[in-house]
Amino acid sequence: MKILALESSCDETAAAVVENGRTVLSSVVATQIERHKIFGGVVPEIASRMHAEAISEVTRQALEQASCKLSDLDAVAVTYAPGLIGALLVGVNYAKGLSLASGLELVPVHHLRSHIAANYITHPDLEPPFLCLVVSGGNTLLVHVRDYTDFQVLGRTRDDAAGEALDKAARAMGLPYPGGVHLDKAAKGGNDKAFSFPHPHVEGSPLDFSFSGLKTSVVNIIHNANQKGETVPVADLGASFLRAVVDSLVSNTQKALQTLPVTKKLVLAGGVSANSVLRADMQQLAKRTGVDLYLPELSLCGDNAAMVGAQGYYEYLAGKRAGMDLNAFATMSITEE
């Protein structure tokens, strides 16, 4: 089964053709990083406009690279939630148009489910059930993936996502957009014990996360230094902040593993899964606890359409379809249908 997949939830316009949920026949991504860099973050209106300008071309390239015509496909899968609403609507409406014109069935796909499915491409042998830590710019979740379309949320962030905290901290340090990537680089060689940060816990919910306090702490450190005319060592501050964020992620993941003794598989997903410190610490956690760790290849950590095609395949098998009334949603739980 061949599925054409489309992704436009944030600042990447992407199209891919995926066969049987595991084999990527083509994957094309048009990034908007350079356009948003001057603003220090994604401007939703600009993102939507650039998606509209790029989506036809990335789709054409994806079909060409896969040596496919629309008549060779079985379905069109598209990200419809969560994300920037204007950006999502570009992909959803384009997919609806393709479906209407070609007669291909339309499969709506949840963005976070897609990030998890990126691991099915990297690891063809991976099958549920497993525990997954999903870490992105907008979401941080601990998910028990009971089946390909059956998810149980064990823990979630109560405020900021880990990726957002990293991006905001990087911006406060004067690092360019995208902040998380540059913070990872700047922190290499830094002393991760140079600055002390709180390790927040959510009372009564040991698997939930909170990162707003960490973000406030790093901003206060920088402001205090500026008021005294002092220079903050970015490498040390970045390494210390990154250590605090990763420690929180790993600590809760270890607790979650203890609540799921039946699973011996641990999966990492989302844009922040590319972070070198998080990947290294997750490998150490897997070794300590005796579980098998699955990490997505770096090219599949960020937003792309191949992961949408992978999850779209399993949504299709589960009977999920949409009509011309399909809408986009800025927020939606991973467990919603």
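How many bridges join strand β2 to β3, and do the two run parallel or antiparallel? In this predicted model, strand β2, which covers residues 12-19, is joined to β3 by 8 bridges, and the two strands run antiparallel. One pair in this ladder is alanine 16, whose bridge partner in β3 is serine 27.

## The sheet as a whole

The antiparallel pair of β2 and β3 belongs to an open sheet of 5 strands, which follow one another in the order β3-β2-β1-β4-β5 with mixed pairing. The edges are formed by β3, residues 23-31, and by β5, each of which pairs on one side only. From one strand to the next, the twist averages 20 degrees.

## Strand β4 and its neighbours

Strand β4, which spans residues 75-81, is mostly covered, with 7 of its 7 residues buried. In the strand order β4 stands between β1 and β5, and its pairing with each of these neighbours can be described in turn. With strand β1, residues 2-7, β4 pairs in the parallel sense over 4 bridges, and within this pairing leucine 6 has valine 78 of β4 as its bridge partner.

Towards the edge strand β5, residues 105-110, β4 again runs parallel, here joined by 6 bridges; valine 76 has leucine 106 of β5 as its bridge partner. The two strands also take part in a right-handed β-α-β unit, made by β4, helix α3 (residues 85-102) and β5.

## Helices lying across the sheet

Helix α3, besides its place in the β-α-β unit, lies across β1, β4 and β5 and runs at about 160 degrees to β4. Helix α4, residues 111-122, lies across β1, β3, β4 and β5, and its direction makes an angle of about 95 degrees with that of β5.

## The packing of α2 against α3

Two packed helices are described by the angle between their axes and by the distance between those axes. For helix α2, residues 44-65, and α3, the angle is about 35 degrees and the axes lie 9 Å apart, while the crossing of the two helices is right-handed. On the α2 side the contact is made by Ser48, His51, Ala52, Ile55, Ser56 and Thr59, and on the α3 side by Gly86, Ala87, Val90, Gly91, Tyr94 and Leu98. Sorted by character, the residues of this contact comprise 6 nonpolar and 6 polar ones, with no charged residue.

Notes:
Residues numbered from 1 in each chain as written. Predicted model: local features only at pLDDT ≥ 70, side-chain atom pairs only at ≥ 80, totals over all residues. Heavy atoms only, no water. Buried < 20%, exposed > 50% of the residue type's maximum accessible area, 1.4 Å probe, protein only. Pairing = 2+ DSSP bridges. Right-handed = clockwise from strand over helix to strand, strands pointing away. Axes fitted to C-alpha atoms, helices over the stretch in contact; angles between N-to-C directions. Left-handed = near helix turned anticlockwise from the far one by under 90°. Contact = heavy atoms within 4.5 Å. Nonpolar A, V, L, I, M, F, W, Y, C, P; charged D, E, K, R; others polar.
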